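Hi,

Here is the structure I promised to pass on. Have a look at it first, and my notes on what I found follow below.

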Amino acid sequence: MSLLPAEVSAQLVQLLQQLQSADNSVRSQAEDVLQNQWTSQRPEWLLMGLAEQIATSTNPSLRSFAAVIFRRIASKTRKIGNSENVDIFISLDKEHGTIIRSKVLETLVTESDKTVRNKISDAVAELARQYYDSNDSWPELLQVLFTLSQAPDAGKRETAFRVFTATPGIIEKHHEDAVAQAFAQAFKDDAVAVRLAAMEAFAAFFRSLSKKNQSKYYVLLPEVLNILPPIKDSQDSEDLSKALVALIDLAEGAPRMFKQIFNVLVQFCISVIQDKELTDLCRQNALELMATFADYAPSMCKKDPNYTNDMITQCLSLMTDLGEDDDDAAEWLAADDLDDPESDQNHVAGEHCMDRLANKLGGMVILQPTFNWLPRMLSSPAWRDRHAALMAISAISEGCRDQMIGELKQVLELVVPALKDPHPRVRWAGCNALGQMSTDFAPTMQKEYYDAVLSAIVPVLDSPEARVKSHAAAALVNFCEEAEKSVLEPYLDGLLTALYQLLQNEKRYVQEQALSTIATIADAAEQAFARYYDTLMPILVNVLRRENDKEYRLLRAKAMECATLIALAVGAERLGPDGAMLVQLLASIQDTVQDPDDPQAQYLMHCWGRMCRVMGKAFLPYLPNVMPPLLELASAKADIQLLDDDEQIEKFQQEDGWELVPLRGKTIGIKTSSMDDKHMAIELLVVYSQVLEEDFAPHADEIMEKIALPGLAFFFHDPVRFVSAKLVPQLLSCVKKAYGPQSEQLAGLWNKTVEKLLEVLTAEPAVDTLAEMYQCFYESVEVIGRPCLTDAHLARFIEGVNSTLEDYKDRVSQREEEQRGAAPEDVEDEQEELLMAIEDDQTLLSDMNKAFHCVFKYHGPNFLRHWEHLLPTYQGFLKSNDPTQRQWGLCIMDDVLEYCGPQSSQYANYITQPLLQGCQDASPAIRQAAAYGMGVAARHGGDAWSAFLGGAVPFLFGAMQVPDARNEDNVYATENACAAIAKILHFNSSAVAEPDQVIAQWISTLPITNDEEAAPYAYLYLAELISKQHPLVTSQEQAQRIFVFVAQALEAEALSGQTAARIVGATKILLAGTNTDVSPLLQQFSPEAQNVIRAHFA
């Protein structure tokens, strides 16, 4: 019996029919009615009516459609009062919700049509998700699912596991034993569909468990794997594929659970990959499963006796599976669309897998078994073998870089002959290998093997086949991107003559590639390209003036890119009046761009940016053309779609430029292509603000408000947040340069900006992006260049720092806990990921440190009362076993010493011991921070620090007495200690015991040649000793030593400007007074250095 009035039910049935109408207008009107008269006005009636239709309609397609609409409506969100958005179903009052869920659950049990039941199961899973997410329960559901999993009807048993797959979180802890039993039973079910559904549910359930709880289910794995052989024996590729995909899911989450039976699984998967009676997709899924283990458990793969050899053999075999029915490559050569039409084919799967094996297992494991095959394959009469061998070299070169780079000569001896192979696809593969090697082995390839590479590739530009010559030109891009101008210069004539010929080729893709290659060469050759300007620029201009036929758009885009890169290479002077002509051409092309898919639009943006860099301020008149489309792109909102069903999801998966993200049981589609455009546009705004400086100021306010500040919180796309963080200080700088540091305009813009900056410091979730936000903050404060933070701002800054440090400490604790309980092979496999996480945290601490430095620099002691709130944290860091934390704590204390003057002495109890211990630390960075801190205390701390600093001198000498004190790692710590002693002797000499002895010892710690900040203090003190005619510097022997020390600093450019002049002046007086001839001393320097030194002493 219906709970709704009969007329309401009738209206709903009519509406459902209209929603399925083939007539667009009828369907569109019905969607409006559904939203405005049902969903927003009476959702409980709508969901109840849909549940009743699912239960009572005699039409299976209407029942199915009602279930789809039910799920869609239930998962929509709405606001209740002042609350946040909540899902519609869970927002209904409890009584209505209970009645509706019971009705839907009843239909799940009673529905006999499998297709309809699947749609109902999706709806049930959505309701279950909402209860789970709200920490609420639906007690009847689990019981119904357990009952269904035992039902006589296999379809109903399968349905139970479908729901488990969608919402594994509903399985509560006290049901775990029952669940294990249900899975074990289902893995042996007579129906293959049930066994597969149970596998998928088990993978989803397993993924929802903590690592600690996963191990109790390892015992079920043999039962899971027993499902596979009978399916393979039946040669059912589709079912076997489903089973393999479920295993991939398990392998990603817990590869170690397979440890005991891994070899059996390897042998099974290899047998699937080898079986040509199975579909390509099925064989590729077996390959993917094996590659997943390389990704997540490489040490387990390395230890297996079969894995590496068998996988390499199978990858190479798959890589020979290409060009079927196209032995002479006629079909391949005739193709004009070069977007990879073979991406789902076996040979591509084999190549990708080889790449992953090399990157994850490394050259020590991969190289030998691969090269056991390659020479034989390269000498094979079958072109497919030769092609596969060359593509294998391309695939493994990145992962095997360390091992292959020493053997490049031998590898090139294998590859280079392929560029003369009779088969075009082999020549293509040879070009591909050389191009990939040019990237992976840069700069060694360019410096040591340039002749071998260029002599091999340039003749291929003259191949009869368009695809081959185009790929040869593409390989040159890889080579030239990493090549020095001096390497390319002798080859420019030959390269550009050949590429000039390609511009005349009838195939448009060849012309396009030739333009890209010429552009890359121009970029690398810089001024050396000028002599080809008169030949090439008229051709490019001619292409740009052609009619705007659709098929020529990409060619014109490449011509724009090439012309503007040439302009950048040769410079404004050589460009002359052509600069104005080129930007006018760009403007006229921009006026013709209408279609959203026109490639010229994106190329144009970059071209404008290059022309601005070439022309500088002369570009200003063209800014009105550039800004409107650029601002439109940079202001773009995120294009987000909520995808309701599998059909929609599949459609979006097949479209380029979309990323699908699962979110609380739903799938969100994010259009990444428009995000990339937004990122590119903001990047160009950074260029304009840097180049045009004060002339860009009129745009700064609008861009800050509408683009830069919103961009900091654009959570859909990390690169947008990164580049927005670069833009903010640039805009402030433009306004400062235009109106002055004290101007109202700058103050107004800063007041808007600072609130947002402080907000993102507390809201940004990603560690690497948060580091960028701290950088944005301190660069912005530095631009303002004066006290610009109020007490409230300083309090918020410390609040954000505190939150960041607490999160950091949690991450450190979590890493330590995971390391404690981990097996040695887990530690090995996760080492790379762990090091990256630690590096991200170190970068964050470093940028936060610079933010503290900047705040102290401009606010001095006024910051101290806020800073004090975190004293326990600084103390903890200073006593930490982690050198990163000790260094961070010391650097913070250095800022207090440097910018708070005598007031810093109130924190002496916190600072003195870490400074002394820091001088003895094994970490050079900590010794450097400690020495620097003592130096700034001497310079800024006043009398309160004198006694401590006098006693600290021996510690500073100790910091310079470590082994290899002047090697690359230690030299900055050594030079800072030297400078710190000079500062103590200058500012606190009365506190130093036996100063003459200290001075004599200190002179022996010179020179300072690396640290440009430390050098002036040390050398100015030396000049002071000379001017006072201190007996320790007035002998001829000392004068000779001092001259050499000063000359070394001048050679290294550690001294410059007035400081250098003062020190040289004092040294000249010393040399004259001691009658010292420096000619013999100069002989120890190179001729270039002698010239530099003589110029200073002239």
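Let me start with one residue: setting aside neighbours within four places in sequence, Ala 980 is in contact (heavy atoms within 4.5 Å) with Ala 931, Gly 935 and Leu 956. Ala 980 sits in helix α53, residues 971-987. With a relative accessible area of 1%, Ala 980 counts as buried; buried means under 20% relative accessible area, exposed over 50%, and partly exposed in between, with a 1.4 Å probe and protein chains only. Its C-alpha atom is 7.7 Å from that of Val 936, although 44 residues separate the two along the chain.

Before going further, a word on where this comes from. It is a predicted model, so local features need pLDDT of at least 70 and side-chain atom pairs count only at pLDDT 80 or more, while totals for chains, interfaces and linings use all residues. Residues are numbered from 1 along each chain as its sequence is written, and side-chain values use heavy atoms, leaving out hydrogens and water.

Now the whole chain. The secondary structure comes to 59 helices and five strands; these are DSSP runs numbered from the N terminus, with helices being H or I of at least four residues and strands E of at least two. Along the principal axes, the C-alpha atoms fill a box of roughly 115 × 75 × 65 Å. Of the 1098 residues, 54% are buried. Among contacts with a separation of 6 or more, 72% are between residues 24 or more positions apart.

On charge, there are 93 positive and 155 negative side chains, and the centres of the two sets lie 2 Å apart. Lys and Arg count as positive and Asp and Glu as negative, with His and the chain ends not counted; each charge is placed at NZ of Lys, CZ of Arg, CG of Asp or CD of Glu.

Two helices are worth a click. Helix α16 (residues 262-274) has 13 residues and should span 18 Å at 1.5 Å a residue, which agrees with the 18 Å between its end C-alpha atoms; the expected span is 1.5 Å times one less than the number of residues. Its buried residues include Phe 262, Phe 268 and Cys 269, and they pack against helices including α15 (237-253) and α17 (280-296).

Helix α50 (residues 908-919) has twelve residues and reaches 17 Å from first C-alpha to last, close to the 16 Å expected. Among its buried residues are Ile 911, Pro 914 and Cys 919. Their cover includes α49 (883-899) and α51 (924-940).

What about cysteines: how many disulfides does the structure hold? Zero, taking a disulfide as a pair of cysteine sulfur atoms within 2.5 Å. For Cys 891, the nearest cysteine sulfur is that of Cys 919, 13 Å away. For Cys 900, the nearest is that of Cys 854, at 14 Å. Cys 900 is buried, at 3% relative accessible area.

Two more residues to finish. Val 1044 lies in helix α56 (residues 1036-1051) and is buried at 11%. Beyond residues up to four places away, Val 1044 touches Leu 1081, Gln 1084 and Phe 1085. Gln 513, in helix α32 (residues 508-525), counts as buried because its relative accessibility is 19%. Leaving aside neighbours within four places, Gln 513 is in contact with Ser 470, Ala 473, Ala 474 and Val 477.

Cheers
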